[in-house]
Amino acid sequence: MSTPSTYDIAGIDLSDDSYTVEQSLIRNKYKAMDAAGNVVLRGKQKMLKMKEQFPFVDANGDEVFEVNAGGIIDVAGNYVLTDSKTGEDIVILDNDYSIFQDTWKIRDASTEAKIAEINSQGALVTIARNVVPFGGWIPHKYEITDQDGNHVGNIDGQFSLKDRYEITIDDASTVPKEPIIAAAMVIDAIQGN
């Protein structure tokens, strides 16, 4: 199994244990801020594309990685995180869509071994978000676990006009932070969370 350093992406430093991801009011455009409030990463969903694309840039606007859908209109499928400098596929964000549970697996792009998993907490909240009018306004909470199912951290939705998530990493010894931060943005954009 690869170590988190294997998944490091040049150009971004994600050494904090907590981040805030915030969506803009107008479209699927996001920024991730560290604990001090500094923007460390920006991402946006490219509009009018056959396959969904999410380019990510660092605080200076330099491309660092991109997340691309594996297929056209891929609500439940694979999204590949690719290093922009090397062109190397790093991880796969794999969505197991269900009306009862939002589950995202983060897998190694080469071996396809599971590195981490992001699961929604609370089936009733997930159902309400999917079927109740204006259910998408209910803040969503996710738990991050490692490949063995051990708790790593949380992604907590905040009630606000803009989608806002607080990401807390309690133990990142076996889980890379880049795909966790990217997944928070991709999950929000794909599932309208």
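**Figure 1. Lys-46 and its surroundings in the predicted model.** In this predicted model, Lys-46 touches Arg-27, Gln-53 and Pro-55, when residues up to four places away in sequence are not counted. Lys-46 itself lies in the loop between S3 and S4, and with a relative accessibility of 32% Lys-46 counts as partly exposed. The view also takes in Asn-28, which is 18 residues from Lys-46 in sequence, while the C-alpha atoms of these two residues are 8.4 Å apart in space.

**Figure 2. A positive surface patch that includes Lys-46.** Five residues, namely Arg-27, Lys-29, Arg-42, Lys-44 and Lys-46, form a positive patch on the surface. One of these residues, Arg-42, lies in strand S3, which covers residues 39-44, and Arg-42 is partly exposed, its relative accessible area being 37%. Lys-46, another member of the patch, belongs to the loop between S3 and S4, and Lys-46 is in contact with Arg-27, which is likewise listed in the patch.

**Figure 3. Ala-59 in the loop between strands S4 and S5.** The loop that holds Ala-59 runs between strand S4 (51-57) and strand S5 (63-72), and Ala-59 is partly exposed there, with a relative accessible area of 48%. Setting aside residues up to four places away in sequence, Ala-59 touches Val-39 and Val-40. Met-33 lies 26 residues from Ala-59 along the chain, and a distance of 9.5 Å separates the C-alpha atoms of the two residues.

**Figure 4. The salt bridge between Lys-177 and Asp-17.** The side chains of Lys-177 and Asp-17 meet in a salt bridge, with a distance of 3.5 Å from N to O. This pair links distant parts of the chain, since Lys-177 is in helix H2 (residues 177-191) and Asp-17 is in the segment before strand S1 (18-23), 160 residues apart. The two partners fall into separate classes of accessibility: Lys-177 is buried, with a relative accessible area of 11%, whereas Asp-17 is partly exposed, with a value of 48%.

**Figure 5. Arg-164 and its two acidic partners, Glu-22 and Glu-166.** A salt bridge joins the side chains of Arg-164 and Glu-22, at 2.4 Å from N to O. Because Arg-164 lies in strand S12 (residues 164-169) and Glu-22 in strand S1, the pair ties together parts that are 142 residues apart in sequence. Arg-164 counts as partly exposed at 28% relative accessibility, while Glu-22 is buried, with a relative accessible area of 11%. Arg-164 also forms a salt bridge with Glu-166, and here the closest N and O atoms are 3.5 Å apart; Glu-166 is partly exposed, with a relative accessible area of 26%. Through salt bridges that share partners, Glu-22, Lys-31, Arg-164 and Glu-166 are joined into one network. For context, a search of the whole structure finds seven salt bridges, among them the pair of Arg-164 and Glu-22 and the pair of Lys-177 and Asp-17.

**Figure 6. Glu-178, a buried residue without a salt bridge.** Glu-178 is found in helix H2, the helix that also contains Lys-177. Although Glu-178 is buried, it has no salt bridge, and the nearest side chain of opposite charge, that of Lys-177, is 8.5 Å away. Lys-177 is instead paired with Asp-17 in a salt bridge. Leaving aside neighbours within four places in sequence, Glu-178 is in contact with Tyr-7, Asp-8, Ile-9, Ile-12, Leu-14 and Phe-65.

**Figure 7. The whole protein, as a setting for the close-up views.** The protein has two helices and twelve strands, which follow one another along the sequence in the pattern β-β-β-β-β-β-β-β-β-α-β-β-β-α. Of the 193 residues in the protein, 48% are buried, and Glu-178 is one of the buried residues shown in the preceding views. Among contacts between residues at least 6 apart in sequence, 39% join residues at least 24 apart. The accessible surface of the protein comes to about 9200 Å², and 52% of this surface belongs to carbon and sulfur atoms.

Conventions: Residues numbered from 1 in each chain as written. Predicted model: local features only at pLDDT ≥ 70, side-chain atom pairs only at ≥ 80, totals over all residues. Heavy atoms only, no water. Salt bridge = Lys/Arg side-chain N within 4 Å of Asp/Glu carboxyl O. Helix = DSSP H or I, 4+ residues; strand = E, 2+ residues; numbered from the N terminus. Buried < 20%, exposed > 50% of the residue type's maximum accessible area, 1.4 Å probe, protein only. Patch = residues over 30% accessible without salt bridge, like charges linked within 9 Å, V, L, I, M, F, W, Y side chains within 5 Å. Areas by Shrake-Rupley, 256 points an atom, 1.4 Å probe, with all protein chains shown as cover. Lys, Arg positive; Asp, Glu negative; His and termini not counted. Charge placed at Lys NZ, Arg CZ, Asp CG, Glu CD. Contact = heavy atoms within 4.5 Å.
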